[in-house]
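I wanted to go through the charged pairs in this model and jot down what turned up. Here are my notes, in the order I looked things up.

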Amino acid sequence: MYSEIVMNHFKNPRNVGKIEDADGVGEVGNPVCGDMMTITIKVKNDRIDDIKFQTFGCGAAIAVSSMVTEMAKGKTLEEAMNITSTSVADKLEGLPKNKLHCSNLGADALHQAIMDYYARTEGRVQPKKRKREKVEHIGRREGQCYCPYCDLELPEEVPTCTLCGKPTVHRHE
Amino acid sequence: METIYLDHISAAPLHPEVKRAMIEYLNNGFGNPVSQHRIGDVAMEVLEGSRAEVAKLINADSKEVVFTSGGTESINHAMKGVAFARREKGNHIITSNIEHNSVLKCLRMLERLGYRVTSVPVDEYGLVDPADVKRAITDDTILVSIMHANNEIGTIEPVAEIGKVTRERGISFHCDAVASAGVIPVDVDEMGVDLLSVAANQFYGPSGVGALYIREKTQVWPLLDGGLQEDNRRAGTHNMVGIVGMGKAAQLARQEMSQRMEHLLQLKRAFVDGLGAIDDIFINGHPTQSLPNLVSVSVSYVEGESIVLLLDEEGIYISTRSACASGSLRASHVLLSIGRDYATAQGTLVFSFGMINTLQEVNRALEVLNKSVETLRNISPLYKKKKEG
């Protein structure tokens, strides 16, 4: 089902854990879809000096988290902002179609951690916010997010969107 | 690497005697049972022999058994067949919240055609309350469909009590017995059912063949139209090799049932006892009123597919109902119905035992499961949050 490199990262995940005095924290996903990811970063001279992740999710989600931390480590913040879910999936030599979106939250978590770092160090010059990749899989149906890949219509009592973790009644670009 | 197969609910190896009977038929038989010559007569004899075995397994009369292509077809036949045949009488159907997708999707389709569906809830063990079924009945109710044993959590429903209710009111009662027939005793008279679905692959028979029991005088339309096979109830040339296999499997299941159940229960008990060593898990389903061959366990703070992958690495094969491993990533409706939250439902595993399994295998599976859960919990942010309070 998965490529060798996905299985390698799943079985021996890199950079597992949580940096206690992190400079930035990114948290995405929710357990409804079965995937949640937390990324913590340490920044030194505008570079990602250290990065760790924790993930609740399937094999793909764990491999994605591991890969994204490996890709980001040592990069400048600007370079790290250019890591996308597509580039992570490519590095993993592809993911099954139904995992391409829902389980591929690593880049989002990384970007959130970086934005969190910028927010904390406000006043500094921030690079232009990267334009969000087009999220074709999220549509709107009767005011709720849904994802045709996981065929998940979120019932009302579920308060958050599977993609961004925000309340469900909103539109993705 | 030692192979430990604990996914018998998905597929099971053929019983050696079933395989032998099928090969024997492949080598020597080929006739069409509806032909009017001697070769056809020989095939007809084989067909009726198999039918008699399937009938005996569920305590039915031979002429009330229709061969189908498996559980899904049997269920579709029963649901749609009764709904269409009794349309003049009413348009209301009652079911439960934990039925198999075959039932649920039939009903979704029937709803689009104007039928009304009431789905009764289940308790924390997955049990339907017959009183709920009784309350849901209206003058328009034509069909009740409740499963015998649930395929995900193993709970056995109080079918006989529901059968009494439907009989009193003259409502057709279909029971999905795919997970139970051939595993535990099934008696169509005791259960009071009018239709009952069976699949051969649940009791060491081949996949692609099943049966639908239709009580005499039950109004039901055919699902497949065409030739006059199966007394005009199911058209299509018979899958003779499959039917031979199903007949043999039914015979063996009936003869060996009590010793099979004893063996499976012993494995199940040992497994459930061993699960006590893992924190924060739930064993789903009723503690006693459940299938002997299946244990459903929800492991908090981890996702099911990742456990399946780690066990796979160690040669242990199980399945998940997090559905993450299958096409849909939706959490199981059965687990949500018995009150599991989304995250816990995603961390659910199904261990289903078979006659090839041993106690040593069960112990090894427990050991590897314990280790895998620990590994994944160490990565999980949910587990970290819990530990930090």
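**Salt bridges, then chain A**

I started with the tally: 20 salt bridges over all chains. I'm keeping in mind that this is a predicted model. As background, side chains of opposite charge can pair when their charged atoms come close.

**Entry 1: across the chains.** Which residue does B:Glu313 meet in a salt bridge? I found A:Lys11 as the partner, at 2.9 Å from N to O. This pair crosses between chains: B:Glu313 sits in helix H10 of chain B, residues 304-313, and A:Lys11 sits in helix H1 of chain A, residues 4-11. I then looked up how covered each end is. B:Glu313 comes out partly exposed at 31% relative accessibility, because that value falls between the 20% and 50% cut-offs. A:Lys11 is partly exposed too, with a relative accessible area of 38%.

**Entry 2: within one helix.** Next I checked B:Lys56, whose side chain meets that of B:Glu53 in a salt bridge of 3.9 Å, N to O. I placed both in helix H2 of chain B, residues 38-57, where they are three residues apart, or about one turn of the helix. Are the two ends buried or exposed? B:Lys56 is partly exposed at 47%, whereas B:Glu53 is buried at 15%. The cut-off settles B:Glu53, since buried means under 20% relative accessible area.

**Entry 3: a long-range pair.** I moved on to B:Glu314 and B:Lys371, which also form a salt bridge, at 3.9 Å from N to O. Here the pair links distant parts of the chain, with the two positions 57 residues apart in the numbering. I located B:Glu314 in the loop between H10 and strand E11 (316-317) of chain B, and B:Lys371 in helix H13, residues 359-377. On accessibility, B:Glu314 counts as partly exposed at 26%, and B:Lys371 is partly exposed at 48%. I also noted that these two belong to a network of salt bridges that includes B:Arg364 and B:Glu367.

**Entry 4: chain A overall.** I finished with the chain that supplies A:Lys11. How many helices and strands does chain A have? I get five helices and six strands, running α-β-β-β-α-α-α-α-β-β-β from the N terminus on. Of its 173 residues, 53% are buried. I looked at contacts between residues at least 6 apart in sequence, and 59% of them join residues at least 24 apart. Last, I noted that chain A exposes about 8200 Å², with carbon and sulfur atoms supplying 46% of that area.

Methods. Residues numbered from 1 in each chain as written. Chains lettered and ligands numbered in written order. Predicted model: local features only at pLDDT ≥ 70, side-chain atom pairs only at ≥ 80, totals over all residues. Heavy atoms only, no water. Salt bridge = Lys/Arg side-chain N within 4 Å of Asp/Glu carboxyl O. Helix = DSSP H or I, 4+ residues; strand = E, 2+ residues; numbered from the N terminus. Buried < 20%, exposed > 50% of the residue type's maximum accessible area, 1.4 Å probe, protein only. Contact = heavy atoms within 4.5 Å. Areas by Shrake-Rupley, 256 points an atom, 1.4 Å probe, with all protein chains shown as cover.
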